Amino acid sequence: MSPSVPLQEMIRAIRSARTQCEERGVIQRECAAIRAQFRQSDNGGRSHNLAKLLYVHMLGYPAHFGQMECVRMIASPRYSEKRVGYLGAMMLLDEKQDASLLITNSIKNDLAHSNQYVQSLALCTLACMGSAEMCRDLAPEIDRLLRASNSYIKKKAALCAVHIVRKVHELGELFAPAARALLSEKNHGVLHGAVVLITELCERNPETLERFRKTVPDLVQIMKGLVISGYSPEHDVAGISDPFLQVRILRLLRILGRNNEAASDAMNDLLAQVATNTDSTKTVGNAVLYETVLTVLDIKSESGLRVLAVNILGRFLLNNDRNIRYIAMISLQKIVGTDHNAVQRHRGTIVDCLKDQDASVKRRALDLSLALVSASNIRSMMKELLLFLSSCPLELRSQAASGIFNAAERYAPSQRWHIDTILHVLTTAGGDVRDETVPNLIQLITNASELHCYTVHKLYRALITDITQQSLVQVACWCIGEYGDLLLRGECQETEPVQVTEDDVLDALETVLQSHMSSPATRGFALTATMKLSTRITDNVDRIRSIVSIYGSCIDVELQQRAVEYNALFKKYDHMRAAVLERMPVIEKNSPGHTNGESMGETVKEIQPAKIKQAESLLPPQPPNQVCDLLDLLGGSEETLQPSLALSGSAPGLPINTGSTAGGDLLDLLGGLEPTPVTPAPAVSVYEKEGVTLTLSCEKQSDTGLTVTLTASNSNDSDISSFTLQAAVPKSVQLHMKAPSGDSLPAHGTAKVTQTVILNNPNKVNLKMRVRVSYTRQGSAFQDMVQIDTFPGL
């Protein structure tokens, strides 16, 4: 076996290895030699061998066989061996290793050693890898060293006490008196350790926090001394006196002043002095200013001081360093709900950040820009956001489009402006919008009856220009089908008059049907629009009949079913075609705060009785056998249904099956008409915390099936984003969660988010459900859990 080589030669040999295999060979030979020398009882080069083993460990090779050698060297009386032994313990041992317990007694002896450097080694090792058991055993020794006269020992003892408090929370009371006394020290190292220790104690125990609020004047005096002191070469960093200690003191003041007016008043003058006297041209000064801003915004500070803090963040936005701009926008995002007007002053700078090359800065600028949109600046802000949408990265398009939709819904100055804005988004990023955008835009267009002609002309021009944006094509097809007669008239005051023929419209729809870029859903819209045009035009009905008949053998089942039903209307039930394909009535909103994130399903159900009665009055009376034949053709029902039940759905005392019955299929053919739904049980509140309320309503579908609707609202002053609900049920229960109506909750409960959960309980076990609520408010993430044991209506 080759003898062990010095450390420098081993490093040189490892670095000169040309392959990984050669490197492993060198290390294996050295490790074998080190093991052999560890076994020798009289070994004068133990520290030398352990140093080489630590280098091997740093390269990622196993070195666990040196753990016991570390224990032996720590117990050695020689400082040179003790130093390497403690270093090895910090690198090779942790609290999970049994060998770490063997050094507890050695550490205790060294803490009482007369040499301060030996004491320092023991303190550093305990602070690095001390387990909970070691901390409990050695805590009295640390408390004794905190009261020592040596500043070198006291600063290390303070940091060691921080580790002990983190490991064993209840030991914090032991160190509180000594930590309070350390604030009178002049040594900056001791002060730094004391402030870190007090911060840890205050974060862990509310009672200790109240006790240390009395130290606010002392901390203010220390901070003032740092701010107004002259040049000190020992602590000066780029012209700032000990910025590390300043930052630590500001963090502690933030904790002490939170939700306490007396403590906040005591530090207001100091914070104003730091904010005005600190140099912002250097990174060090910006670090101190940033901590000052966070402290001002977190305590109960004066309004003028908060405006000063926002202005500092505004200056950060002009900094060339992207990191500083990024943290400035994060901070502004947190306070935009409470200090909206102050943040609005920097709107121009924030919007300019949308043009930054860094993707993370763009994302933060987008979030902040959307939060700054209000009724007074909606037009100017939307112009900037739409310009950003046209050139933003693909990963931000969905977020930008969703934010523009929400802002337009809340602050639209007019319906025409609202429609134009959404159409602009669909034209630019139609493939990145959410699924609910199409029905929400259709609802908006339906309600704006005076803009039907303008909208259909604009959508027709967009359709013949580009058919790649599926959401835009779907809305265009729907509008052409509903208001095709207005398009053919060519009389529109809002736009330039364009003469459109019946063939032009049918050519556009047929292009959509035949395009390989059209999705099955888009083809369904186009086919239905073509069918509806059969009652709105006069000369091309045969062409429409031909187009519809072609898709009767389509490979797509949904499209084929539509075509077969439409063919049936042409052939056997042509006398009913005009009534079935009449224009949709106005869809009323179910609440003033309706947003793009909400589903239209509930709204449609509210007006279904009126629609059914209207359809019933328009249909000519038919013999019962004809209606039953139609029901059998469309639904294949084996049961004979009465015509009055199928059409009106208003017979008292009789249940209505809306599943796959023939009556349901007929109503679906009539444009989404359904029988009046069974009234669900009243909603009950299952969660109410931090301004977020969650209500639950149930509707029993069968003996084992249950539909649960969870509705969330936000009564806070700030908006909530990234709102999600997760549900869990017993293993024997089947759960299916449908897509939520949105992921944002505007402030003051102006809109709600609904989540539908379908449960199937075949074994009829006791039903329970646990729901996890997660959301983000003012940049902070929140998560909570609620268990639901009772379901109304069961």
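**Figure 1. Accessible surface and overall make-up of the protein chain in a predicted model.** The protein chain exposes about 37600 Å², and carbon and sulfur atoms supply 50% of that area. Of its 794 residues, 50% count as buried. The secondary structure of the chain comes to 37 helices and ten strands. Among the contacts in the chain with a separation of 6 or more, 66% are accounted for by residues that lie 24 or more positions apart.

**Figure 2. Surroundings of Arg144 in helix α8.** Arg144 belongs to helix α8, which covers residues 132-146. With a relative accessible area of 40%, Arg144 is partly exposed, because that value falls between the 20% limit for buried residues and the 50% limit for exposed ones. When neighbours within four places in sequence are left aside, Arg144 is in contact with Leu111 and Ala112. Although Ala112 is 32 residues from Arg144 in sequence, the C-alpha atoms of the two are 9.7 Å apart in space.

**Figure 3. Surroundings of His188 in helix α11.** His188 lies in helix α11, which is made up of residues 188-204. The relative accessible area of His188 is 17%, and the residue is therefore classed as buried, the cut-off for that class being under 20%. Not counting residues up to four places away in sequence, His188 touches Leu226, His235, Asp242 and Leu245.

**Figure 4. The crossing of helices α17 and α18.** Helix α17 (residues 303-316) and helix α18 (residues 322-335) have axes that come within 8 Å and cross at roughly 145 degrees, and the crossing in which α17 passes α18 is left-handed. On the side of α17, Val310, Leu313 and Phe316 take part in the contact, and in α18 they meet Ile324, Arg325, Ala328, Ser331, Leu332 and Ile335. By residue class, the contact of α17 with α18 divides into seven nonpolar residues, one polar and one charged.

**Figure 5. An open sheet of five strands with antiparallel pairing.** The five strands follow the order β3-β4-β5-β8-β7, and the sheet that they form is open. Its edge strands are β3 (684-689) and β7 (734-737), each of which pairs on one side only. On average, neighbouring strands of this sheet are turned by 20 degrees against each other, direction ignored. Within the sheet, strand β5 (residues 705-714) pairs with strand β8 (residues 753-760) in the antiparallel sense over eight bridges, and Val708 stands opposite Val757 in β8.

**Figure 6. An open sheet of three strands in the order β6-β9-β10.** The pairing in this three-stranded sheet is antiparallel. Strands β6 (720-728) and β10 (780-788) stand at the edges and each has a single partner strand, so one side of each is left without a neighbour in the sheet. From one strand to the next, the twist averages 15 degrees. Strand β9 (residues 769-777) runs antiparallel to β10 and is joined to β10 by nine bridges; Val773 has Asp784 in β10 as its bridge partner.

Note on methods
Residues numbered from 1 in each chain as written. Predicted model: local features only at pLDDT ≥ 70, side-chain atom pairs only at ≥ 80, totals over all residues. Heavy atoms only, no water. Helix = DSSP H or I, 4+ residues; strand = E, 2+ residues; numbered from the N terminus. Buried < 20%, exposed > 50% of the residue type's maximum accessible area, 1.4 Å probe, protein only. Contact = heavy atoms within 4.5 Å. Pairing = 2+ DSSP bridges. Axes fitted to C-alpha atoms, helices over the stretch in contact; angles between N-to-C directions. Left-handed = near helix turned anticlockwise from the far one by under 90°. Nonpolar A, V, L, I, M, F, W, Y, C, P; charged D, E, K, R; others polar. Areas by Shrake-Rupley, 256 points an atom, 1.4 Å probe, with all protein chains shown as cover.
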